[in-house]
Amino acid sequence: MKIDIDADIRKAKTIPSKFYHSLKIYKKLKTLFARSWQFIGDANLLENNNVHPGILLDGMVDEPYLLTKDKGKIRCLSNVCTHRGNILCSESCESKTLVCGYHGRQFEIDGSMKFMPEFENVTNFPNKEDNLPVIEMEAWKNLIFITNEKKCNLSELIAPMAKRLDWLPVGEFQYKPELSRTYKVNANWALYCDNYLEGFHIPFVHKGLNKELEYENYSTQGIDNTVLQIGIGKDGENAFDIPHDHEDYGKNIAAYYFFLFPNMMFNFYPWGLSINVVKPKSPEYTEIDYFSYVWKEELMDKGAGADLDKVELEDEDIVESVQKGVKSNFYDRGRYSPKREIGVHYFHSLLQKYYK
Ligand code: FES
Ligand SMILES: [Fe+2]
C-alpha cells in the first residue's frame, strides 16, 4: 500500500483506512518499529536487582533484552543464549553470573561468555560471537530508551522536548507503580495515536477536561519527528510555574503533550509526568503502558492532569468506535481541519516517510 499524504494540509486526505486493519500492513511495520527508540523504564528498575529481562515491543518487534548492572554501569544485552537460542533469564534477579537453563552456558554480567560444558575440541571457541550482543541504549535524565536498529541518537529524537523542558527536574520525579497501569484497547495502534494528536475532540469527548482548558488557545505543532500540543488552563486551574527567562513564561500552561514518533507520549503536568507507550499487539488490538512519575503530589487532583483514567476511558471508547467505522466498505479517507488536525497530518506524513 502506498501512503500519499499531501504536504499541504488543505489538499491532503487522511491515511487509507486499510492501514488500520490489514494484517499485511501491520506485519510490514516491524521494520519501522525496530528502528525506533522505545522507553522501557528508569534506572530504578535495577535498584534491587542487577538483572532485569524484558521484551522490546512484545507483539511487534519481539526482541528479548536484558538490562544488567555491574559496578554501577547499566548495560542492555540480548537475552538470547548464543548457543542454541534459549531465553537466558525469565525474571528479575540478583546474580553474579547468567546461566542458561538449557545446556549450562555461563556469561558474565557484562555479557562475555565465561564457561560452556562439553565443548572441548571445538575450534575457534570461544570467540566474540559467543558473547551476548549489546543492544543500543541511551538515557534522558534517568529515563532509559533502547532500540533494535539504531538509526539516530536518542538526543536527536528528544531534542524538541529536552530543549523546551530542560528546566524541569525530571530526574527527581518519583516513579509510582501504584499509579501506573496497562490499558487494553480494541483498536489499531495508529488510530489511538491519531486521536491523541488532536485537541479537536476535547469539547465533544472530554466534557470534564474541556472545563479545565481554554479550547481556543490549545496549540499544536509538528517538528523533527515530534508533535507538541500545549494546553492552556483556565484561570485558577493548576499551571506550571515557568522560569522568567523561558519562552513560555507568562502563559498559563496546564499541560505539555509531547508525542515522539512513532508511539510514545510524554505528558507533563504541574504534578509530574505521565508517559504512555502505545504497544501494537495485532492489527486491531493495542495496549497502552502508563508510567506515572510524580513531582508535586499535592497538585494531582486538579486541572488537566487530574482524572487521567476517566479521560483515557473516554478516548478508548471513541477509538474503538472508529475502529469499527474504518472497516466499512463505504469509508476510506477523510480530510483534515487545517486548524485542529495539524498533529494528525504530521503523524501521517511521518508514516508516509518511514513506512516502506
Ligand atoms: S541454548 Fe543455552 S546452553 Fe544451549
Ligand atoms: Fe482524548
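Biologist: Which residue offers the backbone oxygen that the side chain of Arg-340 reaches?

Modeller: This is a predicted model, in which local features need pLDDT of at least 70 and side-chain atom pairs pLDDT 80 or more, whereas totals for chains, interfaces and linings use all residues. Residues are numbered from 1 along each chain as written, chains are lettered from A and ligands numbered from 1 in written order, and side-chain values use heavy atoms, without hydrogens and water. At 3.3 Å from the Arg-340 side chain, in a polar contact (N or O atoms within 3.5 Å, one able to donate a hydrogen and the other to accept it), lies the backbone oxygen of Tyr-215.

Biologist: Is Arg-340 buried or exposed?

Modeller: Arg-340 sits in the loop between α7 and α8 (342-354), and, leaving out residues up to four places away in sequence, touches (heavy atoms within 4.5 Å) Glu-198, Phe-200, Tyr-215, Glu-216 and Tyr-218. Because its relative accessibility is 10%, and the class requires under 20% (1.4 Å probe, protein chains only), Arg-340 counts as buried.

Biologist: Which element gives the most to the lining of the largest cavity?

Modeller: The structure holds 1 cavity of 30 Å³ or more, a cavity being a set of points on a 1 Å grid where a 1.4 Å probe fits but cannot get out, lined by residues with an atom within 4 Å of a point. Of its 23 lining residues, the closest to the centre are Tyr-196, Tyr-257, Tyr-269, Val-311 and Asp-315. At least two lining residues each come from α4 (189-196), β15 (264-269), β16 (272-282) and α7 (308-325). With 4 residues, the element that gives the most is α7.

Methods: On a 1 Å grid over the protein atoms alone, a cavity is a set of points where a 1.4 Å probe fits but cannot get out, and a pocket is an open set with protein on both sides within 12 Å along at least five of seven lines; lining residues have an atom within 4 Å of a point. Grid points are joined across faces, edges and corners, and a volume is the space filled by probe spheres set on the points. Buried means under 20% relative accessible area, exposed over 50%, partly exposed in between (1.4 Å probe, protein chains only).
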